[in-house]
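Welcome, and please open your viewer beside this page. We will go from stop to stop, selecting a few residues each time and looking at what surrounds them.

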Amino acid sequence: MVFARPASESDLSVISTSGSLYVRDSLPKYKMQENSMPKEAAYQIIHDELLLDFKPKLNLASFVTTLMEPECDKLIMESINKNYVDMDEYPVTTELHNRCVNMIAHLFNAPLGDSEDAIGVGTVGSSEAIMLAGLAFKRKWQNKRKAEGKPYDRPNIVTGANVQVCWEKFARYFEVELKEVKVREGYYVMDPVKAVEMVDENTICVAAILGSTYNGEFEDVKLLNDLLLEKNKQTGWDTPIHVDAASGGFIAPFIYPELEWDFRLPMVKSINVSGHKYGLVYAGIGWVIWRSKDDLPEDLVFHIKYLGADQSTFTLNFSKGSSQIIAQYYQLVRLGQEGYRHIMENCHENAMVLKAGLEKTGRFNILSKDDGVPVVAFSLKEKKGGHDEFEVSEMLRRFGWIVPAYPMPPDAEHVIVLRVVIRAEFSRTLAERLVHDISIVLHELDKLPAKVSAEGKEAGAVTAADEENGDIDGAVHKRKSDLETQREITTYWKNYVVAQKTIKRQKVMAS
């Protein structure tokens, strides 16, 4: 973008940004402009464009915290210019990090003495935490195989097909075979029996999920532990478990304290958790905790002299902001176990309110469990006129809600799911309002003409010829294909969606 004229003294003290030349051109998209602009103008123009984003509080697709107390916001801003890696310059920040590691380790029942330091590290999120845990397992397995004089070039990891994509990234980036246990309709998490059957001498660990991304369900870590103990005894192996508790790690200890999933189980060697999910911190903080020092190979830890101090580090990055670490410590000491317990109980109760409201419509199958992460996953019992969950998701955006629709993992990808994540800032009033708006969407979908396939048949219709030929299964298969590849929607539906988007955009711009 090139401004009409260079910035002048009068431009730098404009009374109103809307009266200046800076609103006459678009902001740069590819190259920096030659001239500067006033800070007020830069702020206002960017601020106005960001108004087109949806409201984070109504983004029910995300597990990430979107609201913290003003006091914590203040601490974040006071520390936003601190680079955590400068441990010698910011020793108190380092101390707060170590306190967080110890508190979380004790929360997960790590076998530590009262004054013993835990082994763990703060990360950018659970993705980095999983990379570090996976590397530790790979290196420990390789070291053992080398000492035994055995091949160490074909490591694998066993997971469920429902794992988050970061596990696929780990496998691809660090050359580890990913062996996935397929899910099935009605059972959308890893089957521990099948997982242990897939374990061999090259398996560096089995990864269990405490809170599946798809429906919030906890996997049975206790059964997995018991089965692995037996297999290890029979084979002489020592295959361990990593628990991906990104979502459930700050839930289970408070509302399911008797559930055995953590370091109480001997084969669980490391656990990751997302501080920016139910740890109640803004995006950018995760944690990985190891059972003991022996579970983190020393040759992965770097000892460096930087800015005057001898530092040990085991992270994928170097520089990192201190704000989220300090925010995590604030939440741990501010809320305590009592506060976290009340918040998680509220989340669970609001999830049950939403579930009851959806069931009352009579239109949905509930695919989530009552015990687990406070997530409500649901699908349409009947796709009237071929209108599906994707359209429900699209139409809810008109009310400001972001409710994702997606297929389940292989071999249950034909099941389409809508999912609502209940976070701490999601109140009962909002839960009831969401049910109300979903009911409106269902009513409007019922009034729409049925979708028409490329062959001119209404979506989902079974013809007399199909019945005569006994090809009901083929007709159902064709319906699924039509739903996935639908290209022709009635003019009414197209105009309706376009009109609603236009109205919303106009309202946002007007505000």
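A residue is called buried here when its relative accessible area is under 20%, exposed when over 50%, and partly exposed in between. Keep in mind that the model is a predicted one.

**Stop 1: two phenylalanines**

Select Phe364 and Phe378, both of which are buried. Now bring up a second pair of rings, Phe218 and Tyr256. Are these two buried or exposed? Phe218 and Tyr256 are both buried. Their pair is edge-to-face, with 5.8 Å from centre to centre and 90 degrees between the planes. Because Phe218 belongs to the loop between E4 and helix H7 (221–235), and Tyr256 to the loop between helix H8 (252–255) and E6, the pair ties together parts that are 38 residues apart in sequence.

Go back to Phe364 and Phe378: the ring centres are 5.0 Å apart and the planes stand at 85 degrees, so this pair is edge-to-face. Here, too, distant parts of the chain are linked, since Phe364 is in strand E10 (residues 364–366) and Phe378 in strand E11 (residues 375–380), 14 residues apart.

How many aromatic pairs does the structure hold? There are nine. For another view of them, select Phe250, Phe254 and Tyr340, which ring pairs link into a cluster.

**Stop 2: charges over rings**

Next, select Lys146 and Tyr152. The lysine lies over the face of Tyr152, at 4.9 Å from the ring centre. Then move to Arg184, which lies over the face of Tyr187 at 4.5 Å from the ring centre.

**Stop 3: strand E2 and its partners**

Select residues 156–160, which make up strand E2; five of its five residues are buried. In a regular strand, side chains alternate between the two faces of the sheet. Which residues of E2 are on each side? Asn156, Val158 and Gly160 are on one side, Ile157 and Thr159 are on the other, and both faces are covered.

Add strand E3 (residues 177–181) to the selection: five bridges join E2 to E3, and the two run parallel. To follow one of these links, pick Ile157, whose bridge partner in E3 is Leu178. Show helix H5 (residues 165–173) as well, and you have a right-handed β-α-β unit made of E2, H5 and E3.

Now add strand E4 (residues 203–209), which also runs parallel to E2 and is joined to E2 by three bridges. Asn156 has Thr203 as its bridge partner in E4.

**Stop 4: Lys277**

Select Lys277, where an unreviewed UniProt entry places the feature "modified residue: N6-(pyridoxal phosphate)lysine". Lys277 is found in the loop between strand E6 (268–274) and strand E7 (286–290). Why does Lys277 count as buried? Its relative accessibility is 18%, and the cut-off for buried is under 20%. Leaving aside neighbours within four places in sequence, show the residues in contact with Lys277: Phe63, Thr65, Ala246 and Ser247.

**Stop 5: Arg264**

Finish at Arg264, in the loop between H8 and E6. With a relative accessible area of 32%, Arg264 is partly exposed. Add Ala110 to the view: its C-alpha atom is separated from that of Arg264 by 7.3 Å, although the two are 154 residues apart along the chain. Which residues are in contact with Arg264, leaving aside its neighbours within four places in sequence? They are Asn109, Pro257, Glu258 and Leu259.

How values were computed
Residues numbered from 1 in each chain as written. Predicted model: local features only at pLDDT ≥ 70, side-chain atom pairs only at ≥ 80, totals over all residues. Heavy atoms only, no water. UniProt positions renumbered as here; feature names shortened; annotations may be inferred. Helix = DSSP H or I, 4+ residues; strand = E, 2+ residues; numbered from the N terminus. Buried < 20%, exposed > 50% of the residue type's maximum accessible area, 1.4 Å probe, protein only. Contact = heavy atoms within 4.5 Å. Pairing = 2+ DSSP bridges. Right-handed = clockwise from strand over helix to strand, strands pointing away. Phe/Tyr/Trp six-rings, centres within 6.5 Å; stacked < 30°, edge-to-face > 60°. Lys NZ or Arg CZ within 6 Å of the ring centre and 35° of its normal.
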